[in-house]
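Q: Could you take me slowly through one small part of this structure, saying where its residues sit and what they touch?

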Amino acid sequence: MLEMRNIIFGFVIVFFAFLSCRSGDDEEIRKIDQILNIYMKNGLGRDLFHKKNDTTYFTYFMTDVNGVADNTPVSSSLKATADSTLYIEYLAGAKRVGLDTIDPNNRTYHSVITLSLVKRLNNTILDTINDRLEIQYRMTPSVFEVSKVYYNDTLRFTKQPGGSNVVTIVK
């Protein structure tokens, strides 16, 4: 009886070893494209994050509307281009909620973020503006990507094949 258990146990180990050694060539790799760059400019095209201007936003905060708690912070960073134009780089962090998840080969998710922009003049807070940013994602067997971006319920970005995820908000 003990010998039979050892034989069965040996077959189980060989079977799992065989499964772990199989090649994944038949499995498709999903491309992830979810980095979003957000530029904020005025009507004249001036950068609204550049601190040398008196009418810029001193800072900003991003919070997740669908987060576990009210005002759940969303991580992002302020980056600069080669010409010193500042922009928000958002990688991920806000909860994604399914909008259309019926078709397993083409699903749509979205994140809703409150973007609080703090405006200062001579170290005095003038105003805090709370705007709404909605990021929609498309997921297929081959790609998970940003597909659309709405700012205050207005469509500001639609993904173009092979294009980068850059949205410019004019305020």
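**A close look at Thr85 and Leu86**

A: In this predicted model, Thr85 has a relative accessibility of 15%, and since buried means under 20%, Thr85 counts as buried. Its place is in the loop between β5, which covers residues 77–80, and β6, which covers residues 86–90. The side chain of Thr85 is joined to the side chain of Asp83 by a polar contact of 2.9 Å. If neighbours within four places in sequence are left aside, Thr85 is in contact with Tyr39, Asp47, Lys79 and Ala80.

Leu86, in turn, is found in strand β6, and with a relative accessible area of 19% Leu86 is buried. Not counting residues up to four places away in sequence, Leu86 touches Tyr39, Asp47, Phe49, His50, Leu78, Lys79 and Ala80. Reading the two contact lists together, one finds Tyr39, Asp47, Lys79 and Ala80 in the list for Thr85 and again in the list for Leu86. Leu86 can also be placed relative to Lys51, which is 35 residues away in sequence, while the C-alpha atoms of Leu86 and Lys51 are 9.7 Å apart in space.

For contrast, consider Asn105, which lies in the loop between β7 (97–100) and β8 (107–121) and is partly exposed, with a relative accessible area of 47%. Asn105 is in contact with Met139, Thr140 and Pro141, again leaving aside neighbours within four places in sequence. Along the chain, Asn105 and Pro141 are 36 residues apart, yet their C-alpha atoms are separated by 5.9 Å.

Notes
Residues are numbered from 1 along each chain as its sequence is written. This is a predicted model: local features need pLDDT of at least 70, side-chain atom pairs count only at pLDDT 80 or more; totals for chains, interfaces and linings use all residues. Side-chain values use heavy atoms; hydrogens and water are left out. Helices (H or I, at least four residues) and strands (E, at least two) are DSSP runs, numbered from the N terminus. Buried means under 20% relative accessible area, exposed over 50%, partly exposed in between (1.4 Å probe, protein chains only). Contact means heavy atoms within 4.5 Å. A polar contact is a pair of N or O atoms within 3.5 Å; within protein, one must be able to donate a hydrogen and the other to accept it, and residues adjacent in sequence count only if both atoms are side-chain atoms.
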